Amino acid sequence: MANLRRDADEVLEVGKAMRTWLAESGLDSRKPVELFSTLLEETSQYLRSGVDIEEAQFTVAEINARMKGIGETDDSQEVARRYVADNLKKYQELLAEHGGSLREYLHKQGRREQLVIASTESKGRNKKYYYLGLECVEDEGEEQAATSVDPRLVEYRVRKLPAFVPWAKPFAELTLEGWRRNLFVFGVVFLACLPLVVGSIALMNGQLVVWQLGLISLSVLLLWMFYPLFSLVDRGIVKAPDWMLRLSDIDVQLELLEVGEAENGRPIRQIRLVKYEASCPVCGGHLAVVQGRREFRGRLIGQCSRSRSEHLYSFDHITKRGVPLRANGYYGERQHEKGAAKQH
């Protein structure tokens with residue numbers, strides 16, 4: 001359980017799929033399932049409030065209180081520990097019994113991972129925490145293929161879903177459907193045309209007065225603020241503008257995500273803040289997704305915190321993968337490997 005993957009985006013999506021499977025299988029009414037549902041609900045609340053996925057873990061007292069609807073101190077630590085442990089054991093037995101059905105369902109949904117309940121201890125081992133992690137559910141043949149993937153590939157993950165600042169709330173998880181979609185398109189076109197219209201009127205009058213200069217300045221400011229939304233429609237993901245973020249949030253992206261399909265077959269999209277990151281395959285450093293510069297201008301790339309000029313990778317938010325952008329010795333075959341290949 002120590003190597004469970006923790007991706008905020010995938011945890012929410014796989015959790016939604018597992019909830020549907022539990023309901024369709026008639027297992028959602030079983031008492032042990034309440035433990036999974038409680039953890040998923042608490043984790044979702046954490047993530048949607050901008051908490052890091054690594055911090056979405058809960059004590060026995062917290063879980064016991066949520067499941068029973070009581071205060072955290074109403075039961076003793078031992079009573080809470082036994083209650084959670086007993087439900088966890090029964091939940092794991094339930095999954096073991098119906099595991100084949102779950103894997104089949106997840107595969108049909110295009111999922112290759114399931115959520116499992118894991119635990120960890122504090123440094124002094126005086127407190128135990130439970131959390132949800134992603135575990136591979138591929139069959140033996142698929143697992144073998146997965147291990148043969150080029151290790152030079154970067155696997156990005158969603159670390160957190162940052163919270164919007166109050167004045168950016170109109171864009172918080174904005175679903176572009178129906179009148180909201182039309183209003184969004186109208187707003188983008190309006191902001192693009194406003195400076196040109198005001199400037200043209202001023203030129204036609206033959207002079208610029210104070211109010212016209214002020215309006216042009218305001219139009220340019222609004223255009224600068226909302227320019228990322230123009231790019232978002234075209235690219236699907238862009239660097240989030242600073243005015244949407246809290247001071248503690250850096251290297252955050254604004255993503256246009258497909259969340260469903262309308263009756264006319266047109267995809268339903270949603271705007272959200274998200275933070276992608278990875279580990280550098282070269283040195284193990286932190287790989288942040290940043291705005292590319294110089295030869296990578298105009299695109300988002302993965303940049304290592306330890307070697308910002310050399311350890312650079314492409315970034316694909318759909319596949320969550322990236323490949324080296326620098327052709328140097330780090331990524332090529334070793335000389336002795338080339339020699340061995342020639343001998344064969």
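Buried means under 20% relative accessible area, exposed means over 50%, and partly exposed is what lies in between (1.4 Å probe, protein chains only). Keep that handy for the exercises below.

This is a predicted model, with residues numbered from 1 along each chain as its sequence is written. Local features need pLDDT of at least 70, side-chain atom pairs count only at pLDDT 80 or more, totals for chains, interfaces and linings use all residues, and side-chain values use heavy atoms, leaving out hydrogens and water.

**Exercise 1. Find Lys-320, say whether it is buried or exposed, and check its phi.**

Step 1: look in the loop between β12 and β13, where Lys-320 is found. Strands here are DSSP runs of E with at least two residues, helices are runs of H or I with at least four, and both are numbered from the N terminus.
Step 2: Lys-320 has 9% relative accessibility, so it counts as buried.
Step 3: its phi is near 60°, a positive value in a residue other than glycine. For context, most residues other than glycine have a negative phi.

**Exercise 2. Do the same for Arg-294.**

Step 1: go to the loop between β10 (286-291) and β11 (300-304), which holds Arg-294.
Step 2: the phi of Arg-294 is positive, about 50°, although this residue is not a glycine.
Step 3: with 62% relative accessibility, Arg-294 counts as exposed.

**Exercise 3. Work out how α2 and α3 pack, and which residues meet.**

Step 1: the axes of α2 and helix α3 (residues 60-68) are 10 Å apart, at an angle of about 110°. Axes are lines fitted to C-alpha atoms, for helices over the stretch in contact, and angles run from 0 to 180 degrees between N-to-C directions.
Step 2: α2 and α3 are therefore roughly perpendicular to each other. The labels go like this: under 35 degrees is roughly parallel, over 145 roughly antiparallel, 65 to 115 roughly perpendicular, and the rest oblique.
Step 3: from α2, Glu-34, Leu-35, Thr-38, Leu-39 and Glu-42 meet Ile-63, Arg-66 and Met-67 of α3. Contact means heavy atoms within 4.5 Å.
Step 4: sort those residues and you get 4 nonpolar, 1 polar and 3 charged. Ala, Val, Leu, Ile, Met, Phe, Trp, Tyr, Cys and Pro count as nonpolar, Asp, Glu, Lys and Arg as charged, and the others, Gly among them, as polar.

**Exercise 4. Zoom in on Arg-66: which residues is it in contact with, leaving aside neighbours within four places in sequence?**

Step 1: Arg-66 is found in helix α3, and at 39% relative accessibility it counts as partly exposed.
Step 2: with those neighbours set aside, Arg-66 is in contact with Thr-38, Glu-42 and Glu-72.
Step 3: try a distance too: Arg-66 and Leu-39 are 27 residues apart in sequence and 9.1 Å apart in space, C-alpha to C-alpha.

**Exercise 5. Explain why α3 is largely enclosed by the rest of the structure.**

Step 1: 7 of the 9 residues of α3 are buried, so the helix is largely enclosed.
Step 2: the buried ones are Val-60, Ala-61, Glu-62, Ile-63, Asn-64, Ala-65 and Met-67.
Step 3: these buried residues pack against α2, β1, α4 (77-108) and β3 (128-136).
Step 4: just past the helix comes Gly-69, with a positive phi near 70°.

**Exercise 6. Count the aromatic pairs and describe the one between Tyr-46 and Phe-58.**

Step 1: rings of Phe, Tyr and Trp (its six-membered ring) pair if their centres lie within 6.5 Å; planes under 30 degrees apart are stacked, over 60 edge-to-face, and the rest tilted. By this rule there are 4 aromatic pairs.
Step 2: the ring centres of Tyr-46 and Phe-58 are 5.0 Å apart with the planes at 75°, so this pair is edge-to-face.
Step 3: Tyr-46 sits in helix α2 (residues 33-48) and Phe-58 in strand β1 (residues 58-59), so the pair ties together parts 12 residues apart in sequence.
Step 4: Tyr-46 is partly exposed, at 27% relative accessible area, whereas Phe-58, at 4%, counts as buried.
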